[in-house]
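Please open the model in your viewer and keep the sequence panel beside it, since each stop on this tour begins with something to select.

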Amino acid sequence: MENTNVKVTVLANGPLMVEGTIAVVKVDGTTEVKEPKAFLCRCGHSANKPYCDGAHKKNNFIG
Ligand code: FES
């Protein structure tokens, strides 16, 4: 897959918002294509890593 136009935005006290078409290669080697956007956890509390599941809010993530 060729990425030519992907934007990553750090959301205050929340996830990374990735806009565009991306390929997420998981630990088991499978690849999942996400578009038009994906939210990637950066707080470490998501039960659905690498994606954000909103757990940053109840854990009061600051960053
Ligand atoms: S950033 Fe949302 S659950 Fe981690």
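## Starting at L40

This is a predicted model, and a convenient place to begin is L40, which, once its neighbours within four places in sequence are left aside, is in contact with P15, L16, V18, P50, Y51 and C52. Two of the residues just named, V18 and Y51, can stay selected together with L40, and I22, V24 and A38 should now be added, because these six residues make up the largest nonpolar core, a set of buried residues joined through side-chain atoms within 4.5 Å. Within this core, β3 (22-25) and β5 (37-40) each supply at least two residues.

## The open sheet

Next, show the strands as a cartoon and find the open sheet, in which three strands follow the order β1-β2-β5 with antiparallel pairing. At its edges are β1 (7-10) and β5, each of which pairs on one side only, and from one strand to the next the twist averages 20°. Select β2 together with β5, and you will find an antiparallel pairing that runs over four bridges; in one of them, V18 has A38 of β5 as its bridge partner.

Remaining in β2, which spans residues 16-19, select E19. Is E19 buried, partly exposed or exposed? Its relative accessibility is 25%, and therefore E19 counts as partly exposed. When residues up to four places away in sequence are not counted, E19 touches N5, V6, K7, T9, P36 and K37. For a sense of distance, add K58, which is 39 residues from E19 in sequence and, from C-alpha to C-alpha, 25 Å away in space.

## The hairpin of β3 and β4

Now move to β3 and display its side chains, which alternate along the strand: I22 and V24 point to one face and are buried, whereas A23 and V25 point to the other and are not. Add β4 (residues 31-34), which pairs with β3 in the antiparallel sense over four bridges, and look for K34 in β4, opposite which I22 stands. Five residues lie between the strands of this hairpin, where G29 takes a positive phi near 95°.

## The cavity

For the last stop, turn on a cavity display. Rolling a probe the size of a water molecule over the atoms shows where empty space is left. The count comes to one cavity of 30 Å³ or more, and the largest cavity holds about 40 Å³ of space. To see its lining, select G14, P15, C41, R42, C43, S46, C52, D53, G54, A55 and H56; P15 and C52 in this list were also among the contacts of L40.

Notes: Residues numbered from 1 in each chain as written. Predicted model: local features only at pLDDT ≥ 70, side-chain atom pairs only at ≥ 80, totals over all residues. Heavy atoms only, no water. Buried < 20%, exposed > 50% of the residue type's maximum accessible area, 1.4 Å probe, protein only. Contact = heavy atoms within 4.5 Å. Pairing = 2+ DSSP bridges. Axes fitted to C-alpha atoms, helices over the stretch in contact; angles between N-to-C directions. 1 Å grid on protein atoms, 1.4 Å probe; cavity = no way out; pocket = protein on both sides within 12 Å on 5 of 7 lines; lining within 4 Å. Points joined across faces, edges and corners; volume = space filled by probe spheres on them.
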